[in-house]
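Open your viewer, colour by chain, and follow along. We will go from one selection to the next and say what is there.

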Amino acid sequence: MSLSVSLKHGFAGFDLDASFEAPNGITMLYGRSGSGKTTIVNALAGLLHPDQGHISIGSQTLFDSKTRQHLPASKRRIGYIFQEGRLFPHLSVRQNLKYGQWFAPRSAPRSDFEQIVDMLGIAPLLERRPTRLSGGEKQRVAIGRALLSSPQMILADEPLAALDHARKEEIIPYFERLRDALGIPILYVSHSGTEIARLATTIVVLQDGRVVRQGPAGAVLSDPDVTPLGATAAGVMVQGRVAAQHPDGLTEVQSGGLSWLLPAAAYPVGSTLRLRVEAQDVMLATEKPRSISALNVLPATVATLRLGDGPGALVQIKAGENLLLARITRRSVEALNLKVGTPVYAVLKAVSIPRGAIGDQHPRQ
Amino acid sequence: MSLSVSLKHGFAGFDLDASFEAPNGITMLYGRSGSGKTTIVNALAGLLHPDQGHISIGSQTLFDSKTRQHLPASKRRIGYIFQEGRLFPHLSVRQNLKYGQWFAPRSAPRSDFEQIVDMLGIAPLLERRPTRLSGGEKQRVAIGRALLSSPQMILADEPLAALDHARKEEIIPYFERLRDALGIPILYVSHSGTEIARLATTIVVLQDGRVVRQGPAGAVLSDPDVTPLGATAAGVMVQGRVAAQHPDGLTEVQSGGLSWLLPAAAYPVGSTLRLRVEAQDVMLATEKPRSISALNVLPATVATLRLGDGPGALVQIKAGENLLLARITRRSVEALNLKVGTPVYAVLKAVSIPRGAIGDQHPRQ
Amino acid sequence: LPAAAGQITVFAAASLKEAIDEISADFTRATGVEVAASYAGSSALARQIEFGAPADVFLSASTEWMDHLEHNNRIEPTTRFDLVGNRLVLIGPAAQTAAFEISANTNLLHMLAGGRLAMALTDAVPAGIYGKTALQRLGLWEGVAPMVAQTDNVRAALSLVSLGAAPLGIVYATDAQADQNVSLRATFPPHTHPPIIYPVALVKGAKSPQAQAFLDYLTGDAADKVFADLGFLVGAE
Amino acid sequence: MDWLSPQEWNAVALSLRVAFWATLCSLPFALVTAHLLARGRFPGKQLFNGIVHLPLILPPVVTGYILLLTFSIQAPVGYALSQIGIVFAFRWTGAALAAAIMAFPLMVRAIRLSIEAVDPKLEEAAATLGASRVWVYLTVTLPLILPGVLAGSILAFAKAIGEFGATITFVSNIPGQTQTLPSAVYAFLQVPGAEGSALRLVVISIVIAMSALLLSEILSRRVAARIGAA
Amino acid sequence: MDWLSPQEWNAVALSLRVAFWATLCSLPFALVTAHLLARGRFPGKQLFNGIVHLPLILPPVVTGYILLLTFSIQAPVGYALSQIGIVFAFRWTGAALAAAIMAFPLMVRAIRLSIEAVDPKLEEAAATLGASRVWVYLTVTLPLILPGVLAGSILAFAKAIGEFGATITFVSNIPGQTQTLPSAVYAFLQVPGAEGSALRLVVISIVIAMSALLLSEILSRRVAARIGAA
Ligand SMILES: Nc1ncnc2c1ncn2[C@@H]1O[C@H](COP(=O)(O)OP(=O)(O)OP(=O)(O)O)[C@@H](O)[C@H]1O
Ligand SMILES: Nc1ncnc2c1ncn2[C@@H]1O[C@H](COP(=O)(O)OP(=O)(O)OP(=O)(O)O)[C@@H](O)[C@H]1O
Ligand code: MOO
Ligand SMILES: [Mg+2]
Ligand SMILES: [Mg+2]
């Protein structure tokens with residue numbers, strides 16, 4: 001199911017005029033504060049009646065100003081994670097979480113209450129009132145409430161902004177699974193490079209109420225010139241298995257036929273990991289570097305080369321069975337004379353794979 | 001002036017028992033969601049009456065359970081940036097901003113209204129009511145309101161969480177200046193590695209209501225084992241001047257007697273920049289690497305060496321006149337036989353200095 | 001208090017409003033002295049006088065409250081006299097059969113046909129007390145008591161009949177005469193109830209020198225005519 | 001307690017019954033009215049608002065008189081209602097109607113203020129979770145305005161206990177059927193020297209109404225605690 | 001308008017004056033009382049709450065009688081006040097006092113509900129910005145409860161325009177001095193056949209009170225728009 005959006009709306013001093021397509025998967029809405037993200041999300045949710053435009057999901061029209069259609073919010077079956085929580089103060093955390101289930105159609109697939117509560121770490125809070133929660137706790141309950149309502153579309157407005165790094169790392173994989181497993185569109189507003197890079201299927205960049213760039217995540221992220229996030233957000237996920245724990249605190253991981261070294265003391269030998277390797281942490285060398293602090297020097301070949309409009313380039317390399325991305329400068333591409341098929345060494349510091357980017361392959365079931 | 005805090009407070013199911021010192025500069029309160037950060041901040045502000053303890057700033061006691069002292073919030077002259085905005089709905093943005101000034105003592109140094117409004121980018125919003133602002137706009141007004149109240153202590157509870165990357169980069173330098181210029185303690189709650197690394201003078205790490213680590217930022221950040229933020233947050237700021245703009249989109253910057261290459265097209269030749277160089281982006285080599293994609297290979301010498309308890313080490317090197325930090329593994333320290341005084345090459349990718357980390361040295365005056 | 005030389009303040013039972021309004025107007029025309037009349041229930045007025053109300057003259061609808069004030073030394077006893085009298089009547093809707101003689105044999109229940117007998121409060125408001133006494137003396141009270149609808153003043157009892165909400169009511173003759181929507185069914189013989197008398201007196205410490213003149217004027221022919229026209233019994237003294 | 005005559009006991013019991021039913025039966029209407037006034041947009045809203053407030057503005061006797069004009073069996077409305085078995089005239093139900101109408105504006109005002117204090121963002125959130133307007137009302141709005149509804153109801157109850165002018169004008173004072181406490185008090189006040197008897201009944205009224213107030217305070221504090229306010 | 005006699009004009013003017021001053025003078029007391037009831041914690045709070053509500057519970061005649069007992073020159077309180085030049089008995093000021101006392105619980109309730117709806121987090125924010133309790137109240141609480149204060153005041157004004165029982169009992173019904181509109185209506189209602197005259201005055205009451213209501217609606221909508229509610 002694909003979401004199709006075309007909207008015009010005016011506030012005093014602000015004009016929204018945005019059209020985009022959000023296919024299955026996670027569509028990231030990115031843009032500066034005040035660029036119109038929440039306004040779009042509200043229109044999708046049916047909370048804002050836009051001046052003009054059309055919104056449809058699959059073959060179902062949610063809004064059309066020409067035919068004067070406007071499906072009420074309650075009929076849209078959306079899981080909206082609000083920018084400001086909006087928990088029901090008169091209900092306990094448990095009742096807040098279950099609220100959407102009361103109204104979900106019987107036939108809708110139920111999410112597993114225990115699992116979501118567990119993932120969000122809110123099990124000890126279930127009987128509390130929202131007023132007695134910390135900021136991040138509130139936000140986690142709000143996420144749970146939306147996810148548990150059996151939605152056919154998820155709208156997430158900066159869902160993780162209030163959360164700590166570790167908690168984010170626990171929740172992001174859940175969104176990854178939602179993205180990969182469920183066939184529902186997820187519209188996700190975020191300012192965080194990590195979230196965008198890890199989660200985005202599609203990216204829509206807003207500026208002053210207008211879409212200035214949209215497209216598949218890979219294409220948008222590899223363009224260093226388009227947004228501030230371009231430079232920091234490209235990367236790949238790699239799966240591996242802990243092969244050994246060295247006495248100096250380093251962990252040896254086997255992945256795609258190659259050995260990696262990184263700090264991951266908490267994982268026992270034999271356990272499965274996934275690692276995020278950010279494109280900008282990968283250097284390429286055509287000669288094996290020596291006497292260098294980087295512990296991971298992996299033999300590879302250039303698979304694809306994508307030159308940006310600016311000074312940057314995104315090089316896809318095959319290292320063992322893994323495809324990695326490296327963000328380097330065009331100048332280096334020329335200096336090293338990189339072509340598809342050129343043998344190279346990927347140079348990667350052990351500490352570049354921070355602990356946070358490591359998770360069980362199936363975090364919890 | 002130094003802030004001295006020692007508190008005990010119990011909520012059902014949560015016990016706070018924390019003592020720390022916050023000297024001048026920015027003290028970062030770091031901890032997972034629900035670890036007690038907001039509770040501490042509220043106690044400092046005088047909004048929560050702790051069960052037990054003592055709070056003083058300089059020689060002034062704000063709270064003491066033994067002597068039953070409890071200075072009311074209004075007398076504490078704090079600029080509190082709340083986790084949830086708390087703007088006055090009945091006042092315009094301008095009136096919200098000026099609110100604190102009505103009550104500030106005449107003698108207090110006034111912040112410059114225009115300058116702060118400008119920095120926060122809220123000039124076009126001054127006549128609006130808060131209900132008509134976007135999430136990030138509200139947060140910016142809340143920051144402005146606190147800063148403009150001529151406080152003798154600033155409490156900032158995740159002030160930048162709702163803001164986009166670019167906006168953060170505009171506001172962080174302001175906090176840097178506050179830290180460096182004003183002699184007032186700033187208590188700052190954040191989950192963001194960047195903010196912690198750039199702003200922290202002191203770091204206090206909370207876990208389940210207890211202080212598990214506190215100390216000067218350098219010491220805490222260089223310890224890779226202590227927190228998830230350790231791995232990603234160390235780094236230094238470097239000042240430079242744009243020397244040339246190359247046709248392939250790269251910018252040449254002179255800093256500390258050395259040439260750097262990075263993408264910074266927007267800055268004209270001659271302008272002053274500051275660059276953030278993260279410790280984990282710096283590789284060290286004892287032999288000059290060749291045929292490598294990293295464009296910045298800077299000759300340096302090891303200045304100090306700090307080995308962590310875990311697999312990591314933080315190496316301070318002098319490259320030209322700049323002091324840089326490099327996070328590498330202990331294994332590499334041994335393999336390269338690094339000692340104080342060892343000549344090394346700092347290897348740094350051009351793209352590792354993302355545009356966001358570049359700012360005018362004096363952003364705006 | 002602006003009890004100016006040219007003004008008299010009269011406290012009068014509400015049921016005397018029409019008469020006193022007219023007589024006061026005549027008095028003002030004749031003497032140039034303004035009359036401010038405060039109309040309310042006799043009980044309320046008597047209490048106010050007891051508590052120092054700036055009244056010059058009190059016209060009560062019951063001897064009891066005048067007695068009460070006299071007992072408390074709030075009126076000039078020597079100036080007290082009975083101004084007018086009234087009769088108690090049984091009324092029904094307009095355009096009904098002619099009046100009849102009420103007696104012990106009257107079948108009020110039959111006449112009510114399930115409806116209510118409207119009266120003022122039978123233990124509190126004078127018209128109701130008189131009516132209850134009359135019915136008791138006629139031996140009709142026991143039978144009709146459950147059907148009595150009591151109102152806070154006699155005027156409301158009149159309204160109930162006037163509006164058709166009650167088929168019968170007991171009110172003063174003056175009320176019956178003034179309302180075209182009701183007809184007189186019977187007049188209670190005077191011996192069935194204590195005399196219905198409106199006493200009047202000067203209030204102790206009356207400030208207005210013209211108050212006595214007004215009192216005198218009330219007994220004059222002009223006033224008598226007004227009272228008589230409205231159905232009061234004049235010269236009952 | 002032998003210091004009250006059986007007739008006075010009747011008056012107490014009747015006042016309680018009248019006030020209880022007056023409050024209970026007007027509650028749904030008050031909720032709808034408050035909702036229309038707080039949120040509705042329709043032509044004639046101001047007029048409607050005015051009419052709702054009339055019983056407050058008019059002297060009670062006038063209200064009673066208007067009720068009499070409308071609901072006596074002679075009147076078309078009263079007649080029509082009597083055909084379906086609803087009779088107000090000279091019944092305790094009429095006393096309840098009078099009390100309800102006199103108390104109605106107070107109840108509506110209280111509820112309306114609380115509706116206006118409900119954050120529409122919470123109702124929107126409920127809508128996105130699939131709740132239709134009715135369900136949003138039942139599961140979000142209503143629980144949130146509960147303290148206001150309680151306050152309004154108790155206010156109405158207290159007013160109903162004290163209502164006199166409209167009641168006696170509309171349904172008279174029939175011992176055991178329409179003689180409420182205030183009518184009895186009034187009667188005593190008409191008799192010189194009976195202030196003592198009046199006082200006894202006044203004290204009873206006060207005790208009843210105060211108990212109701214106390215109850216409402218306790219209830220609404222409990223509700224507020226649940227909602228987490230202040 | 002010659003369809004009103006000078007005496008009736010007097011009654012209209014007096015009612016307006018009485019209602020205006022009753023509302024204005026009770027406002028500060030109502031604010032303090034509402035604040036104490038909403039936020040205060042002190043022994044005897046429930047009793048205080050009950051006393052504030054008494055005028056609502058008691059038949060108005062009783063309230064008037066109590067006022068008479070308290071504020072007549074014969075009574076100690078009334079005498080003491082008269083020594084410092086304040087006289088209520090049988091003056092229009094007394095009518096205003098009676099109206100104020102009858103309307104007081106309504107005003108307090110409305111204000112109290114709005115105080116309870118104010119988010120204490122905003123008041124805390126003001127305190128951190130240096131505002132003392134008084135300033136917090138003046139710059140945050142008061143503006144936020146303004147719609148409630150307005151609603152309560154207009155309610156009180158309307159009630160004051162319609163108040164009858166306590167007024168006529170306390171200060172009598174002296175034309176030009178204490179005869180308000182409802183008292184005049186009452187007097188007409190005692191005269192058979194004078195319903196027409198009564199009706200005219202009733203209509204005037206309604207017009208006055210409705211105008212006040214309309215004004216309050218407009219004002220509070222404007223205030224609400226400023227606050228940004230709904
Ligand atoms: N009013 C309250 N009543 C009971 N428990 C509370 C209350 N406020 C906070 N808590 C609990 O106290 C703990 C600390 O809360 P606090 O708000 O200080 O957390 P925090 O560190 O600021 O978290 P976050 O990053 O999520 O904002 C949490 O477990 C929270 O559930
Ligand atoms: N109710 C409103 N009335 C007037 N202007 C509004 C209203 N709501 C939002 N705006 C304006 O519309 C613009 C877009 O707002 P929106 O909330 O969509 O921004 P956003 O992209 O979500 O920003 P943020 O990242 O700060 O949450 C902003 O300039 C904002 O000031
Ligand atoms: O409204 Mo009143 O003044 O109770 O009878
Ligand atoms: Mg937003
Ligand atoms: Mg917090």
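The tour begins with some ground rules and then moves from whole chains to single side chains.

This is a predicted model, in which local features need pLDDT of at least 70, side-chain atom pairs count only at pLDDT 80 or more, and totals for chains, interfaces and linings use all residues. Residues are numbered from 1 along each chain as its sequence is written, chains are lettered from A and ligands numbered from 1 in the order in which they are written, and side-chain values use heavy atoms, with hydrogens and water left out.

**Stop 1: all chains.** Show everything. Of the 6 pairs of chains in contact, A and B share the most contacts (contact means heavy atoms within 4.5 Å). Now hide all but chains A and C: no contact joins them, and their closest C-alpha atoms lie 48 Å apart. Swap chain A for chain B, and you will find that chain B does not touch chain C either, with nearest C-alpha atoms 48 Å apart.

**Stop 2: chain A.** Select 3–225 for domain 1 and 235–360 for domain 2; such bounds come from an automatic or database domain assignment. The centres of these two domains of chain A, taken over C-alpha atoms, are separated by 33 Å.

**Stop 3: chain D spans.** An unreviewed UniProt entry lists residues 20–38, 50–73, 79–104, 134–158 and 198–216 of chain D as "transmembrane region". UniProt positions are given in the numbering used here, feature names are shortened, and annotations may be inferred rather than shown by experiment. Select 134–158 of chain D: the span is 100% helix and 0% strand, with its end C-alpha atoms 31 Å apart. Residues 50–73 of chain D are 83% helix and 0% strand, and there the end C-alpha atoms are 27 Å apart. Helices (H or I, at least four residues) and strands (E, at least two) are DSSP runs, numbered from the N terminus.

**Stop 4: where chain D meets chain C.** Here 21 residues of chain D contact 21 residues of chain C. Together the two chains bury about 1900 Å², 58% of it on carbon and sulfur atoms (buried area is the accessible area, with a 1.4 Å probe, that two parts lose on being put together, summed over both). Highlight Phe90(D), Gln190(D) and Pro192(D), which lose the most area to chain C on the chain D side, together 28% of what that side buries.

**Stop 5: one salt bridge.** Which side chains form it? Select Glu195(D) and Arg47(C), which meet at 3.0 Å, N to O. The count between chains D and C is 1 salt bridge (a side-chain nitrogen of Lys or Arg within 4 Å of a carboxyl oxygen of Asp or Glu). Finish with helix 3 (60–71), helix 8 (165–171) and helix 9 (181–189) of chain D, each of which supplies at least two residues of the side that touches chain C.
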